[in-house]
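Reader: I would like to go through this structure by question and answer. Please keep the replies short.

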Amino acid sequence: MVRVLVVEDETNIRDMIALNLRHAGMEVVEAESAEAALPLLAQKPGCDAAILDVMLPDHDGYELKTFIGDETPVIFLTAKTDVAQRVKGLAAGAQDYICKPFEPAELVARVEAALRRTGRGRTVLQAC
């Protein structure tokens, strides 16, 4: 089963993301901050993908991305919508950058696309 780390400080958004990923057949590991995510990243098995809010209460998503490394696909999720921020996120090594508000189905599709591009996990069609 595909395991996705979701790091989002807004509980309602984190819950909605987790619900939709679980509905698509994925296991979800949740954290409300970068500090709370660090022990989760050390768990075995590791995560197949990560969705990181850029603006977290302790460290930003870009800093957390450095702990995750380049092997795990990361999707940044943020309210920062300007082009410079999107370019910064992609230059930091993210597979994708999604601006809030977003459609849950699109987020799931983007996670699946990132997993396909990196050869990790299975597709939504296989999970159904």
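Reader: Leaving aside neighbours within four places in sequence, which residues is Ile 13 in contact with?
Author: The model is predicted. Ile 13 sits in helix H1. With neighbours within four places in sequence left aside, its contacts are Glu 8, Leu 77, Lys 100 and Phe 102.

Reader: Is Ile 13 buried or exposed, and with what relative accessible area?
Author: Buried means under 20% relative accessible area. Ile 13 falls in that class because its value is 14%.

Reader: How far apart are the C-alpha atoms of Ile 13 and Pro 104?
Author: Along the chain, 91 residues separate Ile 13 and Pro 104. In space, their C-alpha atoms are separated by 9.9 Å.

Reader: Are H1 and H5 parallel, perpendicular or oblique?
Author: Helix H1 covers residues 11–23 and helix H5 covers residues 104–118. They pack with their axes 10 Å apart, at an angle of about 60 degrees. Therefore H1 and H5 are oblique.

Reader: Which residues make the contact between H1 and H5, and is the crossing left-handed or right-handed?
Author: H1 contributes Met 16, Ile 17, Asn 20 and Leu 21. H5 contributes Pro 104, Leu 107, Val 108 and Val 111. The crossing of H1 past H5 is right-handed.

Reader: Which residues of H3 are buried, and what arc do they cover?
Author: Helix H3 runs over residues 61–68. Its buried residues are Gly 61, Tyr 62, Leu 64, Lys 65 and Ile 68. They lie on the same side of H3, because the arc they cover around the axis is only 155 degrees.

Reader: Which exposed residues does the other face of H3 carry?
Author: This face is turned away from the buried side of H3. Its exposed residues are Thr 66 and Phe 67.

Reader: Which strands and helices do the buried residues of H3 pack against?
Author: The helices are H2 (34–41) and H4 (83–91). The strands are S1 (3–7), S3 (49–53), S4 (74–78) and S5 (96–99).

Reader: What is found at the start of H3, and what phi does Gly 69 take?
Author: At the start of H3, a side-chain oxygen of Asp 60 comes to within 3.0 Å of the backbone nitrogen of Tyr 62. Gly 69 follows just after H3. Its phi is positive, about 90 degrees.

Reader: Where does Thr 72 lie, and which residues is it in contact with, leaving aside its neighbours within four places in sequence?
Author: Thr 72 belongs to the loop between H3 and S4. It is buried, with a relative accessible area of 14%. Neighbours within four places aside, its contacts are Cys 47, Asp 48, Ala 49, Ala 50 and Arg 120.

Reader: What relative accessible area does Asp 53 have?
Author: Asp 53 is part of strand S3. Leaving out neighbours within four places in sequence, its contacts are Val 7, Glu 8, Asp 9, Gly 61, Leu 77, Thr 78 and Lys 100. Asp 53 is buried, at 2%.

Reader: Which backbone nitrogen lies 3.4 Å from a polar atom of the side chain of Asp 53?
Author: The atom pair joins a side chain to the backbone. The nitrogen belongs to Met 55.

Reader: What is omega for the peptide bonds from Lys 44 to Pro 45 and from Lys 100 to Pro 101?
Author: Pro 45 is in the loop between H2 and S3, and Pro 101 is in the loop between S5 and H5. The Lys 44 to Pro 45 bond is cis, with omega near 5 degrees. The Lys 100 to Pro 101 bond is cis, with omega near -5 degrees.

How values were computed: Residues are numbered from 1 along each chain as its sequence is written. This is a predicted model: local features need pLDDT of at least 70, side-chain atom pairs count only at pLDDT 80 or more; totals for chains, interfaces and linings use all residues. Side-chain values use heavy atoms; hydrogens and water are left out. Buried means under 20% relative accessible area, exposed over 50%, partly exposed in between (1.4 Å probe, protein chains only). Helices (H or I, at least four residues) and strands (E, at least two) are DSSP runs, numbered from the N terminus. The arc is that of the directions from the helix axis to the C-beta atoms. Contact means heavy atoms within 4.5 Å. A polar contact is a pair of N or O atoms within 3.5 Å; within protein, one must be able to donate a hydrogen and the other to accept it, and residues adjacent in sequence count only if both atoms are side-chain atoms. Axes are lines fitted to C-alpha atoms, for helices over the stretch in contact, and angles run from 0 to 180 degrees between N-to-C directions. Angles under 35 degrees count as roughly parallel, over 145 as roughly antiparallel, 65 to 115 as roughly perpendicular and the rest as oblique. A crossing is left-handed if the near helix is turned anticlockwise from the far one by less than a right angle, and right-handed if clockwise.
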